[in-house]
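Colleague: I have some questions about the fold and the core of this chain. Could we go through them one at a time?

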Amino acid sequence: MAAEPVGSQPAMYHATPAAPRPSTLTSLPPLAAMTLSRAAFGPAPGDIEDFNARGSTDIARLTSWVDEQLDPQSIDDSDLEARLANPAFRTLGKSLTRLWTEHYRPENITWEERVRPAYEVLHATMTRAIYSRRQLQEVMVDFWHNHFNVYGYETPNACVWVHYDRNVIRPYTLGNFRQMLEANARSTAMLYYLDNVESSDEGPNENYARELLELHTLGAENYLGIMPQWDVPVDGQGRPIGYVDGDVLEVARCFTGWTVANGHWSDPNDPDTGEFYYRDFWHDRFQKYVLGEFIPADQAALRDGLRVLDKLCEHPGTARHICRKLCRRLVSDNPPESLVESAAAVFHDNWQAPDQIRQVLRHILLSAEFRNTWGAKMKRPFETLMSTMRVCGAEITLHPDDDDSRTLSWLMEKTGHHPFSWIPPDGFPDTRTTWQGSTPMIMTWRIINWLMRITDDNGSYKLDVLTQTLNAPELADPASHTPRNLARFWFRRALGYEPDAAQIARAAEMLTRSDSYDGTPWALDQAIDLSRDEWPHYWQSGLRTLVALILMSPDFLQR
């Protein structure tokens, strides 16, 4: 099935939210399950065992796992690298200038080739989420893409999307926020997305300035409206406690002339490379007043904007805003204020440290709040689907030239959670009320059913749950292949723990219905023959249905 282009925002945002369906678990699950569901895209086969072998206590095991994940270069990811070396990925290694000149500038290329870099990054992102052993890094790449949201499927952003992902987001994911912020301010994709590419002294564009303050740094929680700048209260260090509309305009003036080398008619020296370009004669050179500080006139090139970035990154309001979002992603929709404040203190105290974000993440992930919170988050569709493929040991090759890959991309659009396709600058919502509506849940369930049934050219299932079942040591004896045992095994595989007995029995009943054609009831503890998949015993099809049912359960959707 050919992939359809990304269009307008999905109808899911107008759906009436369904009532939350609680997990059947009455106590906290094992820490391994909690950690791999929230700080990773779910457990792949062997991940739970690896986590539990890391020490004699929960704290020791968690500390070992977190410290390893925060040092991703120490983790062998050669399997992932081999997958990304697939020759179908033709743009991932291209420089920004090559992306610009080969995908944006030509007039005689197809639309598919023009936007190919965006779709290659999409499929590489899914491949990384499924197969990378550097799971925390991938979770945080997803987080920062949402924090610095850019709609990726229109030109020229789609043409240079490889650069935005590879050079702007990934190098700073666990590093320093100030460096990441400047990389975004200079990035071709962000400059076009928020219109700063056209901002000059004759007409300062406020779009980037407003989102820089409202979304990227201080946050709407620190917006004080239209009061005069000089009336804003200050904190104990003499800093304004928030920002006002006057600051937005002054920040916009600071970033005039920050643009892209795009061959603009006004500048005969413009090299038209697609790279960041400072057009000096577009810059507003007069004095400015930002967050309580006068910025002198006629400063050196870029100096006004760079000073603004420093002021924002050293402001405690930025620390609280960023850390609230991090705690919301990793702990709960409404994280404890005590954790937000303690994480913000780490963020603020280390705002110039090269490992600032690592220190903040370590603080959050090793906190008592992280260890003792469960069921306060719900997986979004992308997370559910990546978890599904990890749990099932998927053997799937994703790239833009593959029919099943294009179908998966097209189907994901229907869930409302298709990477890089959120149009407003605030990024995908990260609260359960958004995603428990009927449209995202039903479409996600349909994709799970589809994944269970797709095969490769040789007819082998890409999610081969039968082979994994037959190879499980605890199911080596065919006499153990009862519906109850099979349900118990797949619950443990999917969740990292067993729910209550009633939940296991309800799921197991689905498998007994594979024998309903001849009217003979099948007991939950009666062995079945998994070699059969024909009338009247469709046991293999029933097993795939059982696993799909578990992956649609409220327990699996928790994070």
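Modeller: A definition comes first: accessible areas come from the Shrake-Rupley method with a 1.4 Å probe. The model is a predicted one.

Colleague: What share of the exposed area of the chain do carbon and sulfur atoms supply?

Modeller: The chain exposes about 21,900 Å². Of that area, the part from carbon and sulfur atoms is 51%.

Colleague: How does the radius of gyration of the chain compare with the globule rule, and what follows for compactness?

Modeller: The secondary structure consists of 27 helices and 6 strands. For 559 residues the globule rule gives 24 Å, and the radius of gyration is close to this at 26 Å, so the chain is as compact as a globular protein of that length. The C-alpha trace spans, along its principal axes, about 85 × 60 × 45 Å.

Colleague: What percentage of the residues in the chain is buried?

Modeller: Buried here means under 20% relative accessible area. By that cut-off, the buried part of the 559 residues is 58%.

Colleague: Which residues have the most contacts inside the largest nonpolar core, and which helix gives the most to it?

Modeller: In soluble globular proteins, nonpolar side chains tend to be buried together. The largest nonpolar core here has 155 residues, and Trp144 and Phe255 have the most contacts inside it. With 9 residues, the helix that gives the most to this core is helix 7 (residues 116-131).

Colleague: Which residues is Trp144 in contact with, leaving aside its neighbours within four places in sequence?

Modeller: Contact means heavy atoms within 4.5 Å. With those neighbours left aside, the partners of Trp144 are Ile169, Thr173, Phe177, Met180, Ile322 and Ile357.

Methods:
Residues numbered from 1 in each chain as written. Predicted model: local features only at pLDDT ≥ 70, side-chain atom pairs only at ≥ 80, totals over all residues. Heavy atoms only, no water. Helix = DSSP H or I, 4+ residues; strand = E, 2+ residues; numbered from the N terminus. Rg over C-alpha atoms; globule rule 2.2 N^0.38 Å. Buried < 20%, exposed > 50% of the residue type's maximum accessible area, 1.4 Å probe, protein only. Core = buried A, V, L, I, M, F, W, Y, C linked by side-chain atoms within 4.5 Å.
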